[in-house]
Amino acid sequence: MALKMSRRAFVAGIPLLLAACQSKQQSTIDAGLTPLSDGTPDYAIAYAARTDNGFPLPAIQYQNFDPKFLRQVVFYPSKYPAGTIVVDPKNKFLYLVQPGGRAIRYGIGVGRAGFAWSGEAVIRFKREWPKWFPPDEMIERDPKLEKYRDGQEGGLSNPIGARGLYLWQGNVDTLYRIHSTNQPSSIGTNASSGCIRMWHQDVIDLYNRVEVGTKVVVLS
């Protein structure tokens, strides 16, 4: 009898196991990732080298980072509607709020400018491989940047990287940016400069999900 009960329990548990696997697989797909056989993300594909607009993006050595900074769907109850971006500079996360109390979470790096501003804004512009315009105070600190006063063309050496999201409040530029970085090791850290930086592969995913006018909340 005990053996029969054990078998019944096993059979009864199969639907729950399948549901859990399917849920994990769907969460992986929702994050724009390819699921492995157990439903977990195949980060080797997500962070592989690729070519974007003619620029060769290097692979991300994701194994060297805390897994919490890898793109994933997480439980994230929020008062903000789906589609809102919430930036948490302190914990080095960026959330794209999803329905059902979930969010796609990305790891970020935060420079001094990333802690200098908090509040609510909207994405006024989106740019692929944008020009970089160093602020006057940066040029004063490093005169070698004078040659970029009128902008450095987009490319792998450009600090803005593959994508830039420009945050405005009304008609005022906050000078706050969400962008990718040519220093992948800075994700999960307090970088020396810049606003909110992401891996190229992650900012491309985010860029493709949001529109001009998207609300962005930067936590203090």
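Which residue forms a salt bridge with glutamate 146, and how far apart are the closest N and O atoms? In this predicted model, the partner is arginine 149, and the closest N and O atoms sit 2.8 Å apart. Neither end of that pair is hidden away or fully out in the open: glutamate 146 comes out as partly exposed at 40% relative accessible area, and arginine 149 is partly exposed too, at 37%. The rest of the salt bridges come up again below, once the fold has been laid out.

Taken as a whole, the protein has 4 helices and 12 strands. Of its 220 residues, 44% are buried. The exposed surface adds up to about 11,800 Å², with carbon and sulfur atoms supplying 56% of that area. As for how the chain folds back on itself, take the contacts with a separation of 6 or more: 62% of them are between residues 24 or more positions apart.

Much of the strand content goes into one open sheet. Ten strands take part, in the order S3-S6-S5-S4-S12-S8-S9-S10-S11-S7, and the pairing is mixed. The edges belong to S3 (72-75) and S7 (109-110); each has a single partner strand, so one side of each is left without a neighbour in the sheet. At the S3 edge, the pairing with S6 (residues 102-107) is antiparallel and runs over 4 bridges, with glutamine 72 standing opposite arginine 105 of S6.

Further into the strand order, S12 (residues 215-218) is where both senses of pairing turn up. On one side, S12 runs parallel to S4, and 3 bridges join the two; here isoleucine 85 has valine 216 as its bridge partner. On the other side, S12 pairs with S8 in the antiparallel sense over 4 bridges, and lysine 215 of S12 stands opposite valine 122. As a general point for anyone tracing side chains here, those in a regular strand alternate between the two faces of the sheet.

Helix H4 (residues 200-209) is the one that lies across a good part of this sheet. The strands it crosses are S4 (85-88), S5 (93-98), S6, S8 (119-128), S9 (163-169), S10 (172-180) and S11 (196-198), and the helix runs at about 55 degrees to S9. H4 is mostly covered, with 8 of its 10 residues buried. Those buried positions are His200, Gln201, Asp202, Val203, Ile204, Asp205, Leu206 and Tyr207. Charged side chains are part of the story as well: Asp202, Asp205 and Arg209 are linked with Arg71 in a network of salt bridges.

What does the side chain of histidine 200 make a polar contact with? This residue lies in H4, and at 5% relative accessibility, under the 20% cut-off, it counts as buried. Its side chain makes a polar contact with the side chain of serine 180 at 3.0 Å. The histidine 200 side chain also reaches the backbone oxygen of threonine 181, at 3.2 Å. Setting aside neighbours within four places in sequence, histidine 200 is in contact with Leu57, Gly161, Ala162, Ser180, Thr181 and Asn182.

Back to the salt bridges: a search of the whole structure finds 10. One of them pairs aspartate 30 with arginine 102, the closest N and O atoms being 2.9 Å apart. Aspartate 30 belongs to helix H1 (residues 2-30) and arginine 102 to strand S6, so this pair ties together parts that are 72 residues apart in sequence. Both residues count as partly exposed, aspartate 30 at 23% relative accessibility and arginine 102 at 25%.

Another salt bridge brings together the side chains of glutamate 153 and lysine 131, at 3.3 Å from N to O. This pair also links distant parts of the chain, 22 residues apart: glutamate 153 sits in the loop between helix H3 (136-141) and S9, while lysine 131 sits in the loop between S8 and H3. Glutamate 153 is exposed, with a relative accessible area of 53%, whereas lysine 131 is partly exposed at 36%.

Note on methods:
Residues are numbered from 1 along each chain as its sequence is written. This is a predicted model: local features need pLDDT of at least 70, side-chain atom pairs count only at pLDDT 80 or more; totals for chains, interfaces and linings use all residues. Side-chain values use heavy atoms; hydrogens and water are left out. Two strands pair if DSSP finds at least two bridges between them. Contact means heavy atoms within 4.5 Å. Axes are lines fitted to C-alpha atoms, for helices over the stretch in contact, and angles run from 0 to 180 degrees between N-to-C directions. Buried means under 20% relative accessible area, exposed over 50%, partly exposed in between (1.4 Å probe, protein chains only). Accessible areas come from the Shrake-Rupley method with a 1.4 Å probe; for residues, only the protein chains shown count as cover. A polar contact is a pair of N or O atoms within 3.5 Å; within protein, one must be able to donate a hydrogen and the other to accept it, and residues adjacent in sequence count only if both atoms are side-chain atoms. A salt bridge is a side-chain nitrogen of Lys or Arg within 4 Å of a carboxyl oxygen of Asp or Glu.
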